[in-house]
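Biologist: I should like to learn how to read a few features of a protein model. May we go through them one at a time?

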Amino acid sequence: MKVIAVNKSASFEYFIEEKYEAGIVLEGNEIKSLRAGGVNMNDSFCMIRGGEVCVKNMHIALYDKSDAFSTKDTRRDRRLLLHKGEIAKIAGKINRQGYTLVPLKLYFKDSLVKVEVALCRGKHTYDKKRSIAERDIKRETDRAVKNAGY
């Protein structure tokens, strides 16, 4: 499994509850751009409409060696491939309990591109401040252990 991109802001903005693995519908030049690392997942999110899950606002750069006729919108909606039961379960939680579906990671599994999406609950500002403080404490303790020579 080769990780292409990670949505780092998702773990800061949300509490991650459940994770799912989904396929994604892409075009050939988008695959080549992914292999080159031209993707940005910040500010991307998923929506369920008509029994289908779509990733919105995920930027995949245009592949520089592709022809001029295949220039598409770099932030177009991309369909995710999930089972009907999973989509129904996710839709129920989103509608009833106030969860959000967020893409966390984009990676190659064998020769296929997969997206790890998660059901997330939003953090409040005091939760974000607490996570920043915990991260700083962890960084300081790691630095102290490294300098002490353990």
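Biologist: Is V6 buried, partly exposed or exposed, and why?

Modeller: The structure is a predicted model. A residue between 20% and 50% relative accessible area is called partly exposed. V6 has 47% relative accessibility and therefore counts as partly exposed. This residue belongs to strand 1, residues 2-6. On the surface, V6 joins M1 and V3 in a nonpolar patch, whose accessible area is about 310 Å² together.

Biologist: How many bridges join strand 4 to strand 5?

Modeller: Strand 4 (residues 45-49) and strand 5 (residues 52-56) run antiparallel, joined by 5 bridges. Among the partners, M47 is matched with C54, and I48 with V53. The two strands form a hairpin with 2 residues between them. In its turn, G50 has a positive phi of about 65°.

Biologist: Which residue of strand 7 stands opposite V53?

Modeller: V53 faces L80 there. Strand 7 (residues 78-81) pairs with strand 5 over 3 bridges, in the antiparallel sense.

Biologist: Why is strand 5 described as largely enclosed?

Modeller: Buried means under 20% relative accessible area. In strand 5, 4 of the 5 residues are buried, so the rest of the structure largely encloses this strand.

Biologist: What does a search for aromatic pairs find, and where do charged ends sit over rings?

Modeller: The search of the whole structure finds 0 aromatic pairs. The charged end of R35 lies over the ring of F108, 4.5 Å from its centre. For K105, the charged end sits over the ring of Y107, at 5.8 Å from the centre.

Methods: Residues numbered from 1 in each chain as written. Predicted model: local features only at pLDDT ≥ 70, side-chain atom pairs only at ≥ 80, totals over all residues. Heavy atoms only, no water. Phe/Tyr/Trp six-rings, centres within 6.5 Å; stacked < 30°, edge-to-face > 60°. Lys NZ or Arg CZ within 6 Å of the ring centre and 35° of its normal. Patch = residues over 30% accessible without salt bridge, like charges linked within 9 Å, V, L, I, M, F, W, Y side chains within 5 Å. Areas by Shrake-Rupley, 256 points an atom, 1.4 Å probe, with all protein chains shown as cover. Salt bridge = Lys/Arg side-chain N within 4 Å of Asp/Glu carboxyl O. Helix = DSSP H or I, 4+ residues; strand = E, 2+ residues; numbered from the N terminus. Buried < 20%, exposed > 50% of the residue type's maximum accessible area, 1.4 Å probe, protein only. Pairing = 2+ DSSP bridges.
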